Each structure stands twice: as C-alpha cells, then as structure tokens.
Amino acid sequence: MYDLAGAVWRKSSRSNNSNNCVEVAAGVPSYDGAVAVRDSKEQNGPVLIFDRDGWKAFLVGAHTGRFDLQP
C-alpha cells in the first residue's frame, strides 16, 4: 500500500482550472521515485502508481501518439 499523505498533487496549467483532467504527484514518499495519477474530480478515488520506468514509457507513448484514438 502506498502512503500518499505527503504527495503534492499538480495538474496541467492547460487545464484552465477545470476539474475534467488528471492530477499527478511525483516522488511518492513510500516508493522511491513513483508517480501517482488520479482523476481531479475524484480526489479520494482510485490512484494509478507508476514506477520510474513505467512513467517514462507512458510519457513516450503519449508523446508519439501511441494512445491516440483512431477515427
């Protein structure tokens, strides 16, 4: 179980203060270098935890369009 009590949550400046986005907390205290992701509308809801390599792979995939929906 991860202790997220000390996590500092951030959301993109491009969200324009909208609650329709995700929040990210880097450096989760209970796991060296982990990154936590949650829905900004459900701050007490489920959280995804990525280790460093998993987060890096996700960012590369997002940047290269790997997760884009096809029309």
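The legends below describe several close-up views of one predicted protein model.

Residues are numbered from 1 along each chain as its sequence is written, and side-chain values rest on heavy atoms, with hydrogens and water left out. Because the model is predicted, local features need pLDDT of at least 70 and side-chain atom pairs count only at pLDDT 80 or more, whereas totals for chains, interfaces and linings use all residues.

**Figure 1. Overview of the protein chain, with one helix and three strands.** From the N terminus on, the elements follow the order β-β-β-α; helices (H or I, at least four residues) and strands (E, at least two) are DSSP runs, numbered from the N terminus. The C-alpha atoms fill a box of roughly 40 × 30 × 20 Å, taken along the principal axes. Of the 71 residues, 21% count as buried, where buried means under 20% relative accessible area, exposed over 50%, and partly exposed in between, with a 1.4 Å probe and protein chains only. The average pLDDT of the chain, which is the predictor's confidence in each residue on a scale from 0 to 100, is 84, and 90% of the residues score at least 70. Among the elements, strand 1 has the lowest mean pLDDT, 90, and helix 1 (residues 52–63) the highest, 92. Where pLDDT is low, the predicted coordinates should not be read in detail.

**Figure 2. Pairing of the three strands.** Strand 1 and strand 2 run antiparallel and are joined by five bridges, while strand 2 and strand 3 also pair in the antiparallel sense, over four bridges; two strands are said to pair if DSSP finds at least two bridges between them. Between strand 1 and strand 2, Glu23 stands opposite Arg38 and Ala26 stands opposite Val35, whereas the bridge partner of Arg38 in strand 3 is Val47. Four of the five residues of strand 2 are buried, so this strand is largely enclosed by the rest of the structure. In a regular strand the side chains alternate between the two faces of the sheet. In strand 1, Glu23 and Ala25 make up the covered face, and Val22, Val24 and Ala26 the uncovered one.

**Figure 3. The salt bridge between Glu23 and Arg38.** The structure holds two salt bridges, each being a side-chain nitrogen of Lys or Arg within 4 Å of a carboxyl oxygen of Asp or Glu. In the pair shown here, the closest N and O atoms of Glu23 and Arg38 are 2.6 Å apart. Glu23 lies in strand 1 (residues 22–26) and Arg38 in strand 2, so the pair ties together parts that are 15 residues apart in sequence. Glu23 is buried, with a relative accessible area of 7%, and Arg38 likewise counts as buried, at 12% relative accessibility. Side chains of opposite charge can pair when their charged atoms come close.

**Figure 4. Ser40 and the salt bridge of Asp39 with Lys41.** Ser40 has its place in the loop between strand 2 (35–39) and strand 3 (47–50), and at 5% relative accessibility this serine counts as buried. The side chain of Ser40 reaches the backbone oxygen of Cys21 at 2.9 Å. Asp39 forms a salt bridge with Lys41, and the closest N and O atoms of that pair are 3.6 Å apart. Asp39 is partly exposed, with a relative accessible area of 27%.

**Figure 5. Leu48 in strand 3.** Leu48 is exposed, with a relative accessible area of 53%. Leu48 and Val37 are eleven residues apart in sequence, and their C-alpha atoms are 5.1 Å apart in space.

**Figure 6. Helix 1 and a nonpolar surface patch.** Asp53 is found in helix 1 and counts as exposed, at 64% relative accessibility. Asp53 and Ala34 are 19 residues apart in sequence and 9.3 Å apart in space, C-alpha to C-alpha. Leu59 is also a residue of helix 1 and counts as partly exposed, at 42% relative accessibility. Together with Phe58 and Phe67, Leu59 forms a nonpolar patch on the surface, with about 270 Å² of accessible area for the three residues together. Such patches are made of residues with over 30% relative accessible area and no salt bridge, like charges being joined within 9 Å and nonpolar side chains (Val, Leu, Ile, Met, Phe, Trp, Tyr) within 5 Å. Accessible areas come from the Shrake-Rupley method with a 1.4 Å probe, and for residues, only the protein chains shown count as cover.

Technical notes. A polar contact is a pair of N or O atoms within 3.5 Å; within protein, one must be able to donate a hydrogen and the other to accept it, and residues adjacent in sequence count only if both atoms are side-chain atoms.
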